[in-house]
Amino acid sequence: MAIIETKVRDAATDELALVQAAKRGDVSAFEGLVKRYDRNIFRIAQHITQNREDAEDVTQDAFLKAYENLEQFQGNSKFYTWLVRIAVNESLMKLRRRRTDRTVSLDEDIKTEEDTMPREIADWSPNPEQLYKQGELKDILRKTIQGLPASFRTVFVLRDVEGLSTEETAEALDLSIPAVKSRLLRARLQLRERLNKYFRKPRGGDGKK
Amino acid sequence: MTCADFLKELTDYLDAVIDESTRAELEDHLAWCHNCYVICNTTKKTIEIYRDSQLYELPEELRSRLEVAILSRCASKKKPSTT
């Protein structure tokens, strides 16, 4: 545990040093930050925008905006949380432009039919991911998460896919902690409900193929 | 504890950020309520599958192209500290 804590602390110190050098105009220090986080930013952007070209644009624009506004980064939060905040805003703007028929906002607190109370309670096969080939499984997971409202999808991606803490997610999305928890619960339950039809144990069987 | 109470605490339970006495109550509920047991397990599995699935990985070729584009755009801007 102590070794892990030390590594986390070293990484944070290292990150701060890169940020400070980049603030002085050192592009190669900023390159270190780009290389550290570009995969994460691209994943987040593609999850929110659901479009690869948009995700590419968001990745570029988010880093550029971060670079231009480094002076405003106070160091009260992690650089990564600050960067995620920029990337989420850029992604939502892209989504809004593509969906002119409806507004997209993180403030939406949607109550839906399939809210927190599960409708179908079916046990799943012991290793549901092995029921499908890799490509098929990814298609199912993409299709399923794309069906969630943007506000739920974003919280789920930051917390459960990217591993941000509840506090970091709240900060990146400018939401309260109870709002993050409420959206996360509903996102998780809705995904579970929608995955039932693919992963449930066949009736009378033990789920093995 | 009712099933609705259980669901309310499910996120904190799965994230292991719950006090000892609430955890004991939830586990007591899980011991006899099959429906909540199934919901808890399948929700946990949902999170694990998404976490492990790497749905949108950035291919190395695209990554290099993006990095070049980002850094050349940064270099063409004035230094952040001179703003």
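**Exercise 1. What percentage of the contacts in chain A with a separation of 6 or more comes from residues 24 or more positions apart?**

Step 1: start with the ground rules. This is a predicted model, in which local features need pLDDT of at least 70, side-chain atom pairs count only at pLDDT 80 or more, and totals for chains, interfaces and linings use all residues. Residues are numbered from 1 along each chain as its sequence is written, while chains are lettered from A and ligands numbered from 1 in the order in which they are written.

Step 2: apply the contact rule (C-beta atoms, placed from the backbone, within 7 Å). Residues 24 or more positions apart then supply 69% of the contacts in chain A with a separation of 6 or more.

**Exercise 2. Find the elements of chain A and their confidence.**

Step 1: take helices as DSSP runs of H or I with at least four residues and strands as E runs with at least two, numbered from the N terminus. Chain A has 8 helices and 0 strands.

Step 2: read pLDDT, the predictor's confidence in each residue from 0 to 100. The average for chain A is 86, and 82% of the residues score at least 70. Among the elements, helix H1 (residues 2-23) of chain A has the lowest mean, 76, and H3(A) the highest, 96.

**Exercise 3. Describe how H2(A) packs on H3(A) and on H6(A).**

Step 1: fit axes to C-alpha atoms over the stretch in contact, with angles from 0 to 180 degrees between N-to-C directions. Helix H2 (residues 27-49) and helix H3 (residues 52-68) of chain A come within 8 Å and cross at roughly 140 degrees. That makes H2(A) oblique to H3(A), given that angles under 35 degrees count as roughly parallel, over 145 as roughly antiparallel, 65 to 115 as roughly perpendicular and the rest as oblique.

Step 2: list the residues. Those in contact include A:Phe30 and A:Val34 of H2(A), and A:Ala62 and A:Phe63 of H3(A).

Step 3: turn to H6(A). Its axis and that of H2(A) come within 9 Å and cross at roughly 160 degrees, so the two helices are roughly antiparallel. Here A:Ile44, A:His47 and A:Ile48 in H2(A) meet A:Ala150, A:Arg153, A:Thr154 and A:Val157 in H6(A).

**Exercise 4. Find the element of chain A that gives the largest share of the side touching chain B.**

Step 1: count both sides. The contact takes 44 residues from chain A and 32 residues from chain B.

Step 2: look at the elements on the chain A side. H2(A) gives the largest share, 11 residues.

Technical notes:
Contact = placed C-beta atoms within 7 Å.
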